[in-house]
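Here is a quick tour of a protein model, written for someone who would rather look at geometry than at prose. Keep the viewer open while you read.

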Amino acid sequence: MTDSIHWPAVTAEVVRHLQALLRLDTTNPPGNELLAAEYLAGVLRAEGLEPQVLVSAPGRGNLVVRLMGNGQKPPLLLYSHTDVVPAEPEHWTHPPFAGEIADGYVWGRGAADMKDTVAEQLMVMLLLKRQGVRLERDVIFAAAADEEIGGADGFGVPWLVKHHPGLIAAEFALSEVGGYNMNFAGRPVYMVQVAEKGTVWLKVRARGKPGHGSVPHGDNAVVHLAQAIDRLAAQGLPYHLTNAASGFLAAAAASAGDSPLGRALLALKTEAGAAQVFASGALGPDLGPFLYAMLHNTATPTGLTAGLKTNVIPGVAEVVLDGRNLPGFDTAAFLAELRAVMGDHLEYEVTLDSPPLETPHHTPLFALMADALRAHDPSATAVIPYMMSGATDAKYLAPLGVPTYGFAPLKLPPDMKFMEMFHAHDERAPVDGLGWGVRVLYEVVVKHCA
Ligand SMILES: [Zn+2]
């Protein structure tokens, strides 16, 4: 089914589309994603597809296009965002909005986050159409505005969910962040995102009896708060093994083999084992905190306020906490855990929250993605389902009942760290890796949909 495709030509073509997209300045704010939506629509129309450009606000354009299947199975959605974060040209080796090719890379703001994927998804749609692939399910491509700033009221995916849900409803969706190779403890692996932690930002307040600093007493708000923070730091919140974490540990342990690391990863699958491993510090200063966050709700103190004057005992003291909740724990459940450690005598005020999400990874589609990655990169020791601590548009799509996998395949040179490209100076994507990514994505889409 892919034999008749001339892949070097496809690589050249996807690179051309990426260059064109990089030259459109869609820095958000203000966005101007309509430029990208119109470019994509022009390319699609020229090949006989029927794209829609949906304008959510002046200059803010979303593109949606659908290839019809025979309706036997529910649709698959490929989606991406066309906005980018600002760039400071003086820090770049090649200008951020020129789409230059040098040293085997396409350079520009958005080359990794995520116009590379926009171009790949576009290319997959073009190939499906040109090859006349008979689809059993619709394949939808949506290139949305306003991921970087929008949040729940954004002009991109949340707006589409609210105003045009029928256009993007699907059984599964593929988007950022995953499908690229990285070193995990010295071994090449691929990550596929299956879960995102939620966010619970809050203020916790202690109250006490005001008074004169020269007469200490036992009801000091500052002391109450300090003791509560100390309990949180010493105990943390309870251990929980989510499905995503379980899958991560199994795959990562398989990759690490029978080694101290492999054994430590397996030990993390029980509460007692995890307590021992984390207490020993055996995982080191990077991997340890990363895995701890995957196995616990967390609340990190990031600010403190109390007092006005040295000789006045204040009536109130406040700590700012950055809370992150695991899939399966809503804000109330998270707060219950926090209260149990910090104390019921304190006030808890949530200032911002967004829910966690998790997509099951024991699915035929996940298996297809893993097989395709392994087939096209035999050096990979594992395909690992993982949980992101940050947030993507997947959160805003989830309420529509559309689960997302972070799968935007890209093959990187061994010394390149993909996540370090996000929002960085000299953001770039490898030319060959892009062509490779189109091939992997196309194969998954064809196997899943044809
Ligand atoms: Zn992104």
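Before anything else, a word on contacts: two residues count as touching if their C-beta atoms, placed from the backbone, lie within 7 Å. Keep in mind, too, that this is a predicted model.

**Helix against helix**

With that cut-off, one helix pair is easy to describe. On the helix 1 side, Trp 7, Val 10, Thr 11, Val 14, Val 15 and Leu 18 do the touching, and they meet Val 431, Asp 432, Leu 434, Gly 435, Val 438 and Arg 439 in helix 14. Sorted by class, this contact has 8 nonpolar, 2 polar and 2 charged residues. Helix 1 covers residues 7-22 and helix 14 covers residues 431-449; their axes are 9 Å apart and make an angle of about 110 degrees. Angles of 65 to 115 degrees count as roughly perpendicular, so helix 1 and helix 14 are roughly perpendicular to each other.

**The whole chain**

Zooming out, the protein chain contains 14 helices and 19 strands. Its radius of gyration is 24 Å, close to the 22 Å that the globule rule gives for 450 residues, so the chain is as compact as a globular protein of that length. If you want a box, the C-alpha atoms fill one of roughly 85 × 55 × 45 Å along the principal axes. The domain assignment splits the chain into domain 1, made of 7-176 + 392-449, and domain 2, made of 196-354. Between the C-alpha centres of domain 1 and domain 2 there is a distance of 36 Å.

**A four-stranded sheet and its helices**

Next up is an open sheet of 4 strands, in the order 12-14-10-15, with antiparallel pairing. Strand 12 (298-306) and strand 15 (347-354) are the edge strands, each with a single partner, so one side of each has no neighbour in the sheet. On average, and ignoring direction, neighbouring strands here are turned by 20 degrees against each other. Strand 10, residues 198-207, pairs with strand 15 in the antiparallel sense over 7 bridges. Within that pairing, Leu 202 sits opposite Val 350 of strand 15.

Two helices pack on this sheet. Helix 6 (residues 221-235) touches strand 10, strand 12 and strand 14 (316-325), and its direction makes about 20 degrees with that of strand 14. Helix 11 (residues 331-342) touches strand 10, strand 12, strand 14 and strand 15, with about 145 degrees between its direction and that of strand 15.

**Other strand pairings**

A second open sheet has 3 strands in the order 4-5-19, again with antiparallel pairing. Strand 4 (101-102) and strand 19 (428-430) are at its edges, and each has a single partner strand, so one side of each is left without a neighbour in the sheet. Then there is the hairpin of strand 8 and strand 9, with 2 residues between the strands; Ala 185 takes a positive phi near 50 degrees there.

Here are three antiparallel pairs side by side:

| Strand pair | Bridges | Facing residues |
|---|---|---|
| strand 10 and strand 15 | 7 bridges | Leu 202 and Val 350 |
| strand 8 (residues 181-184) and strand 9 (residues 187-196) | 4 bridges | Phe 184 and Arg 187 |
| strand 5 (residues 105-107) and strand 19 | 3 bridges | Tyr 105 and Pro 430 |

**An odd stretch of backbone**

Which peptide bonds are cis, with omega near 0 degrees? The bond from Asn 28 to Pro 29 is one of them, and the bond from Pro 29 to Pro 30 is another. Pro 29 lies in the loop between helix 1 and helix 2 (34-46), and Pro 30 has its place in the loop between helix 1 and helix 2 too. Asn 32 also lies in the loop between helix 1 and helix 2. Although Asn 32 is not a glycine, its phi is positive, at about 55 degrees. For context, most residues other than glycine have a negative phi, and most peptide bonds are trans.

Definitions and conventions: Residues are numbered from 1 along each chain as its sequence is written. This is a predicted model: local features need pLDDT of at least 70, side-chain atom pairs count only at pLDDT 80 or more; totals for chains, interfaces and linings use all residues. Domain bounds come from an automatic or database domain assignment. Axes are lines fitted to C-alpha atoms, for helices over the stretch in contact, and angles run from 0 to 180 degrees between N-to-C directions. Angles under 35 degrees count as roughly parallel, over 145 as roughly antiparallel, 65 to 115 as roughly perpendicular and the rest as oblique. Ala, Val, Leu, Ile, Met, Phe, Trp, Tyr, Cys and Pro count as nonpolar, Asp, Glu, Lys and Arg as charged, and the others, Gly among them, as polar. Two strands pair if DSSP finds at least two bridges between them. The radius of gyration is taken over C-alpha atoms; the globule rule is 2.2 Å times the number of residues to the power 0.38.
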